[in-house]
Amino acid sequence: MADLSTFKVNYQGYVFQEGISVLTAAYSAAADALHEEWERAKYDAISYQKGVASGERDWIGEMEDGHVLWDQEQVHELEIESKSEGQSALRKAFVLAAYHHWERGARSWTGNDDRDHRKLVKAVEAMGIEVSPRLVAVKDLANLLKHDNDKRGADLLESWSEV
């Protein structure tokens, strides 16, 4: 039988990875549902347009003095745009959740409540835990999403220009 006395379990790493796994699964489920709604909204819009053009469906809307006040095509366009904006908001929310999951974990592991990213990274590395150099870019993206200002945009451009 193997000597298990030298086997060490990294519970902090396990809890962190489980949190990331849960976030990933939740994002996938929500993103798939939103994508499905977006596809359905596009299908409904095209079906309506084809139906009106062929005369199989009545035009839906309101006119006054020969001008369209609103019509169903506009409603469909708004629904499609809403679903697309929802997808963008979802991505933003999960980027923030993932970075803050790391940040909370790092504070817990180190007992360091410092809000300074660099100091927190140094405290984690001092424990012998490797921190990906790409974490700075994730932090910059999270800060841009939260604060939406030129400084945060410049930080992200420097750390992750592809975004």
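## A predicted model, from loops to core

Asp148 sits in the loop between α4 and α5 (150-159). This is a predicted model. In it, Asp148 has a positive phi of about 45°, although it is not a glycine. With a relative accessibility of 64%, Asp148 counts as exposed, because exposed means over 50%.

A second aspartate also has a positive phi. Asp65 lies in the loop between β1 and β2 (67-71). Phi of Asp65 is near 55°, and the residue is not glycine. Asp65 has 72% relative accessibility and so counts as exposed.

**The core**

Which residues make up the largest nonpolar core? There are 11 in all: Leu96, Tyr99, Trp102, Ala106, Trp109, Leu120, Val121, Val124, Val131, Leu135 and Ala142. Three elements give two or more residues to this core: α2, α3 (117-126) and α4 (135-147). The most comes from α2, with 5 residues. In soluble globular proteins, nonpolar side chains tend to be buried together.

**Salt bridges**

Side chains of opposite charge can pair when their charged atoms come close. How many salt bridges does the structure hold? It holds 5. The table includes some of them.

| Pair | N to O distance |
|---|---|
| Lys83 and Glu37 | 3.3 Å |
| Glu103 and Arg107 | 3.6 Å |
| Asp140 and Lys139 | 2.9 Å |

Take Lys83 and Glu37, whose side chains meet in a salt bridge. This pair links distant parts of the chain. Lys83 is in helix α2 and Glu37 is in helix α1, 46 residues apart. Glu37 is partly exposed, at 33% relative accessibility.

The bridge between Glu103 and Arg107 stays within one helix. Why are these two separated by about one helical turn? They are 4 residues apart in helix α2, so about one helical turn lies between them. Are Glu103 and Arg107 buried or exposed? Both are buried.

Asp140 and Lys139 form another salt bridge. These two residues are buried as well.

**Surface patches**

Charge also gathers on the surface. Glu73, Glu77, Glu81 and Glu85 form a patch of negative charge there. One of them, Glu73, belongs to helix α2, which spans residues 72-110. Glu73 has a relative accessible area of 31%, so it is partly exposed. That value clears the cut-off for patches, because their residues need over 30% relative accessible area.

Another surface patch is nonpolar. Trp59, Met63 and Val68 form it, with about 290 Å² of accessible area together. Met63 is in strand β1. Is Met63 buried or partly exposed? At 48% relative accessibility, Met63 counts as partly exposed.

**The loop before β1**

Arg57 is found in the loop between α1 (11-54) and β1 (61-64). Its relative accessible area is 39%, so Arg57 is partly exposed. How far apart are the C-alpha atoms of Arg57 and Ser47? They are separated by 9.5 Å. Along the chain, Arg57 and Ser47 are 10 residues apart.

**Helix α2 in review**

Several of these features come together in helix α2. This helix gives 5 residues to the largest nonpolar core. It holds Glu73, a member of the negative patch. It holds Lys83, which pairs with Glu37 of helix α1. It also holds both Glu103 and Arg107.

Key:
Residues numbered from 1 in each chain as written. Predicted model: local features only at pLDDT ≥ 70, side-chain atom pairs only at ≥ 80, totals over all residues. Heavy atoms only, no water. Patch = residues over 30% accessible without salt bridge, like charges linked within 9 Å, V, L, I, M, F, W, Y side chains within 5 Å. Areas by Shrake-Rupley, 256 points an atom, 1.4 Å probe, with all protein chains shown as cover. Salt bridge = Lys/Arg side-chain N within 4 Å of Asp/Glu carboxyl O. Lys, Arg positive; Asp, Glu negative; His and termini not counted. Charge placed at Lys NZ, Arg CZ, Asp CG, Glu CD. Buried < 20%, exposed > 50% of the residue type's maximum accessible area, 1.4 Å probe, protein only. Core = buried A, V, L, I, M, F, W, Y, C linked by side-chain atoms within 4.5 Å.
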